[in-house]
Amino acid sequence: MRPSALRFLTAACLLLAGPALANFDTRPVDRLSIGDGLSNDSVNAMAVDAQGFLWIATEDGLNRFDGQQFEPYRRDEIDPASIADNFVTALLAEGDSLYVATRTGSVQRLDLQRERFESLPPAIATTLEGNPVDDLVLVGPRHVLAGSRASGLAAFRFDPAGAVQ
């Protein structure tokens, strides 16, 4: 392949891939912190969603970063569709969902289209309640395995209608 054709293909690939991701390369930064809008400097987990947003779990909330600015998500006592706890320990991105785990043992699905958190029903939630969830693993479509040092493993599935099995 000629060098000019190779340069053209490389440039075309970069241009086509660019719009699919959040804009991280226009801001040369070595470190992002509270001064930049991050809710807390203690970062516990990170995940990238299908739109290219970076989600950051901290000890004081969940943060969405678009490459330019942060949008924090924190517990709102009067909104049942808010995050269950500000101390976020694990994240898992899948399609239009972000699964969020916390120090208090809650696991929620954040519907990225509606920006609403869905909680596990009490019968499932009590298996993790009070124990930090340390990790989340996707074992099938919307089928999540939550791991805790204190309470072992819990498996559950969020169906497309929002219910949990």
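Which residue stands opposite Arg109 of strand 7? Tyr99 does, and the pairing behind that match belongs to a predicted model. Numbering starts from 1 along each chain as its sequence is written, and side-chain values rest on heavy atoms, with hydrogens and water left out. Because the model is predicted, local features need pLDDT of at least 70 and side-chain atom pairs count only at pLDDT 80 or more, while totals for chains, interfaces and linings use all residues.

Taken as a whole, the chain holds 2 helices and 11 strands (DSSP runs numbered from the N terminus, H or I of at least four residues for helices and E of at least two for strands). From the N terminus on, the order of elements reads α-β-β-β-β-β-β-β-β-α-β-β-β. Of the 165 residues, 39% are buried (buried is under 20% relative accessible area, exposed is over 50%, partly exposed is in between, with a 1.4 Å probe and protein chains only). About 9,300 Å² is exposed by the chain, and carbon and sulfur atoms supply 56% of that area (Shrake-Rupley method, 1.4 Å probe; for residues, only the protein chains shown count as cover). Among contacts with a separation of 6 or more, 43% come from residues 24 or more positions apart (a contact being heavy atoms within 4.5 Å).

Now for the open sheet. It is built from 4 strands in the order 1-2-3-4, with antiparallel pairing (two strands pair if DSSP finds at least two bridges between them). Strand 1 (43-48) and strand 4 (70-73) sit at the edges with a single partner strand each, so one side of each has no neighbour in the sheet. On average, neighbouring strands of this sheet are turned by 20° against each other, direction ignored (axes are lines fitted to C-alpha atoms, for helices over the stretch in contact, and angles run from 0 to 180 degrees between N-to-C directions). Strand 3 (residues 61-65) pairs with strand 4 in the antiparallel sense over 4 bridges, and Phe65 stands opposite Phe70 of strand 4.

Further along, Ser82 lies in the loop between strand 4 and strand 5 (88-94). Ser82 is buried, at a relative accessible area of 7%. Beyond its neighbours within four places in sequence, Ser82 contacts Arg74, Arg75, Asp76, Gln108 and Phe117.

One of those contacts, Gln108, leads to strand 7 (residues 107-111), where 5 of the 5 residues are buried, so the strand is largely enclosed by the rest of the structure. Val107, Arg109 and Asp111 point one way, Gln108 and Leu110 the other. Strand 6 (residues 97-102) pairs antiparallel with strand 7 over 5 bridges; the two form a hairpin with 4 residues between them, and Gly105 in the turn has a positive phi of about 90°. On to strand 8 (residues 116-119), which pairs antiparallel with strand 7 over 4 bridges. That hairpin of strand 7 and strand 8 also has 4 residues in between, and Glu115 in its turn shows a positive phi of about 55°.

Charged side chains come next. The count is 12 salt bridges (a side-chain nitrogen of Lys or Arg within 4 Å of a carboxyl oxygen of Asp or Glu). Arg109 has Glu118 as its bridge partner in strand 8, and the two also form a salt bridge, with closest N and O atoms 3.0 Å apart. Arg114, partly exposed at 47% relative accessible area, forms salt bridges with Asp111 (3.0 Å, N to O) and with Glu118 (3.1 Å between the closest N and O atoms). Asp111 counts as buried at 9% relative accessibility, and Glu118 counts as buried at 12%. Shared partners join Asp96, Arg109, Asp111, Arg114, Glu118 and Arg142 into one salt-bridge network.
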